[in-house]
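Please look over the chain shown below before reading the notes on its fold, its pocket and two of its residues.

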Amino acid sequence: MRNSRVITLFSVVLLFSFALISCGDDPASANEDPPVLPTFENIEPDLSYFESNQPQQSNSNYSEAYYYGVGLGSIAFTSQAYVSFFSLADSENADFKNGKWVWEYSYSYEGESVSIKLTAEPDGDFINWEMLWSYDDGQGNSITDYSVVTGRIASDGNSGSWTFNTLNPDTNEEEPILISEWSTSGENNLEIETDYYDSGSVVTTYTYTQNDNEFTVFLSDTDEENDITVFWDDEAMTGYYQMGSDTANRYCWDSNFEDVACASVGY
């Protein structure tokens, strides 16, 4: 699969820190600086509550919630796999071309080569990002301007969206694997909605909300009866998970992560 080969190439590049080959010679605007490269932190849920508290019993209410909650970590795993490609632009100078900031750099390894073009286009109070790859495996297979990541980010960083693409081996066209949108009204107030795709269709939606010390994850399924809600309070250290919309199917734990009646912890 072609894009798997591209990712393999980049893994080798990251491990061995091959030298950058920079392209582009247009002078940047003398009155502007390029935007700061993104890190995707705004679409990564805070799962420190679960990460710091491993389940002691495999069949407890908390252990069930733990596995649903930790599943959200795949968002961070996916985004971090891409952020490395952005961070590589740190050592490059950006040129201002046709209203866009452009970073261009290339790599080669054992006959394979990848050229990357990262663009940031100011658009009012937003910046539109796009990363394009052109790839040649040295054996007659090539890809030109494959759109790997696109994003539309508010200049103040308080809202935005990212689309992460993969290459369909049958059509040789990019299609989304994950689209994530977020908005925040302060350091401890954040909402993220992330759609996971398979063959161009949404298969799962995660909605994550942080309101100070209270956190909620809602996993939406095509069958509403299989929807899952996970709630936790990282000050009280209590929480619950719920199957479907009926609160009769709500299962709670106390600050010792032991099963309790929900009424006893206020849920």
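The report that follows moves from the chain as a whole to its pocket and then to two residues.

## The model and its confidence

This is a predicted model, and the average pLDDT of the chain is 83, with 85% of the residues scoring at least 70. Over residues 1-30, however, the pLDDT is below 50, although this stretch has 67 contacts in the model beyond near neighbours in sequence. Where pLDDT is low, the predicted coordinates should not be read in detail.

## The chain as a whole

The chain contains 4 helices and 15 strands, and of its 267 residues 41% are buried. Among contacts with a separation of 6 or more, 41% are made by residues that lie 24 or more positions apart. The chain exposes about 13900 Å², of which carbon and sulfur atoms supply 43%.

## The largest pocket

The largest pocket holds about 340 Å³ of space, and its lining consists of 16 residues, with Val-36, Pro-38, Asn-42, Ile-153 and Gly-157 lying nearest its centre. The elements that contribute two or more residues to this lining are β5 (126-136) and β6 (142-154).

By residue class, the lining of the largest pocket is made up of 11 nonpolar, 4 polar and 1 charged.

## Trp-232, a residue in a strand

Is Trp-232 buried or exposed? Trp-232, which is found in strand β12 (residues 228-233), has a relative accessibility of 0% and therefore counts as buried, the limit for that class being under 20%.

Leaving aside neighbours within four places in sequence, the contacts of Trp-232 include Asp-46, Leu-47, Tyr-49 and Phe-50, and also Tyr-208, Asn-213, Glu-214, Phe-215 and Val-217. On the other side in sequence, Trp-232 is in contact with Thr-238, Gly-239 and Trp-253. Trp-253 lies 21 residues from Trp-232 along the chain, and the C-alpha atoms of the two are separated by 9.5 Å.

## Gly-99, a residue in a loop

Gly-99 is found in the loop between β2 (95-97) and β3 (100-109). Its relative accessible area is 32%, so Gly-99 is classed as partly exposed, a term that covers values between the 20% limit for buried and the 50% limit for exposed.

Which residues does Gly-99 touch, not counting those up to four places away in sequence? They are Glu-121 and Pro-122. Between Gly-99 and Pro-122 the C-alpha to C-alpha distance is 7.5 Å, while in sequence these residues are 23 residues apart.

Notes: Residues numbered from 1 in each chain as written. Predicted model: local features only at pLDDT ≥ 70, side-chain atom pairs only at ≥ 80, totals over all residues. Heavy atoms only, no water. 1 Å grid on protein atoms, 1.4 Å probe; cavity = no way out; pocket = protein on both sides within 12 Å on 5 of 7 lines; lining within 4 Å. Points joined across faces, edges and corners; volume = space filled by probe spheres on them. Nonpolar A, V, L, I, M, F, W, Y, C, P; charged D, E, K, R; others polar. Buried < 20%, exposed > 50% of the residue type's maximum accessible area, 1.4 Å probe, protein only. Contact = heavy atoms within 4.5 Å. Areas by Shrake-Rupley, 256 points an atom, 1.4 Å probe, with all protein chains shown as cover. pLDDT = per-residue confidence, 0-100.
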